[in-house]
Amino acid sequence: MSFEAIIIGGNFAGLSAAMQLARARRRVLLVDAGAPRNRFSEASHGFLGQDGQTPAAIMREGKRQLSLYPTITIRQGKVVRAQSDGDAFIIGTEDGGEERAARIVLATGVSDTLPELSGLKERWGRSALHCPYCHGFEVSGGKLGVLANHPHSAHSAMMIPDWGATTFTQALFEPEEEQLVKLTARGVRIERSPIVELLGDNPKLEAVRLADGRVLPLDAVFVAPKTSMASPVAEQLGCVFDDGPFGPVIRTGENKETTIKGVFAAGDAASAMHNATLASASGVLAGVHCHQSLVMQSVA
């Protein structure tokens, strides 16, 4: 085999996994489709040493550093097929290429499905946000909204007041009595008329139009998108999924190995908590344990 491990996905998780394997002097192929989930964001925040850098700049520098290791091969492309073949795995790319390796690391990420709401998609990652820890500081002090489109939205609305005056709206999920008490204690305004349109000079948000015709000034709105696997390869390999709060999550053990021996997973595809630092950390774990499994195989 040309490679001992193939990493599918070149965002924070995949690059971090590749770094561990490269430093262990293993022959690794990293295949990156070039469509990371965070491509809509202007900057990545809360990532120690990289705060404020664009995601593209972080990944570009990561690939540059990886390219200095002689056992790493980085290719641009989309993996569309993956299967087991005895004790190894075969992947196929969109351009018809095929490669084989003893281990696979899935860092394939997730795709977001946003609520059907006029003006939301155009502002995604700018003034329509999913994570206050990632983007809250940049909109702090403004008028903030939480789109109540998900059962976990009430929990989010309880967090947001630390960044600004918060309105909880959409009427899709009415807070339970206990949640309502806590939201009120946090100073959250409950607006039961649904948002029908986001207003302002895109991608800036200035206000939202409500179903009853009123216009409510807002500087940013937090929304929980539904997520799905960005790639079919985990399912093709037979990996088991768990039901996460926003969509399916690849099941892994503490060593980041999936239910398929020799296949590891990291990043948003394998975690219900989505954060740049956590994605990178899970990639480190996947890379380390992938290497250790190769070592154990050689002495079995």
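Trainee: Which elements each supply at least two residues of the lining of the second largest pocket?

Mentor: In this predicted model, they are α3 (132–135), β10 (143–147) and α4 (153–159). The largest share, four residues, comes from α4.

Trainee: What makes a residue part of that lining?

Mentor: A lining residue has an atom within 4 Å of a pocket point. The second largest pocket has 24 such residues. Closest to its centre are H130, C131, P132, H155 and F246. The space inside is about 600 Å³.

Trainee: How many residues of each class are in the lining?

Mentor: There are 15 nonpolar, eight polar and one charged. Cys and Pro count as nonpolar, so C131 and P132 fall in that class.

Trainee: Now the largest nonpolar core. Why is I7 called a member of a nonpolar core?

Mentor: Such a core joins buried residues of listed types, Ile among them, through side-chain atoms within 4.5 Å. Buried means under 20% relative accessible area. I7 belongs to the 25-residue core, so I7 meets those conditions. I7, F12, L66 and V105 touch the most other members.

Trainee: Which elements each supply at least two residues of this core?

Mentor: They are β1 (5–8), α1 (12–23), β2 (28–32), α2 (55–66) and α7 (276–299). The largest share, eight residues, is from α1.

Trainee: What does L66 touch, beyond residues up to four places away in sequence?

Mentor: L66 touches L15, A18, M19, A22, I72 and I74. Contact here means heavy atoms within 4.5 Å. Apart from this core lies another, of 23 residues, including F3, L29, V31 and A82.

Methods: Residues numbered from 1 in each chain as written. Predicted model: local features only at pLDDT ≥ 70, side-chain atom pairs only at ≥ 80, totals over all residues. Heavy atoms only, no water. Buried < 20%, exposed > 50% of the residue type's maximum accessible area, 1.4 Å probe, protein only. 1 Å grid on protein atoms, 1.4 Å probe; cavity = no way out; pocket = protein on both sides within 12 Å on 5 of 7 lines; lining within 4 Å. Points joined across faces, edges and corners; volume = space filled by probe spheres on them.
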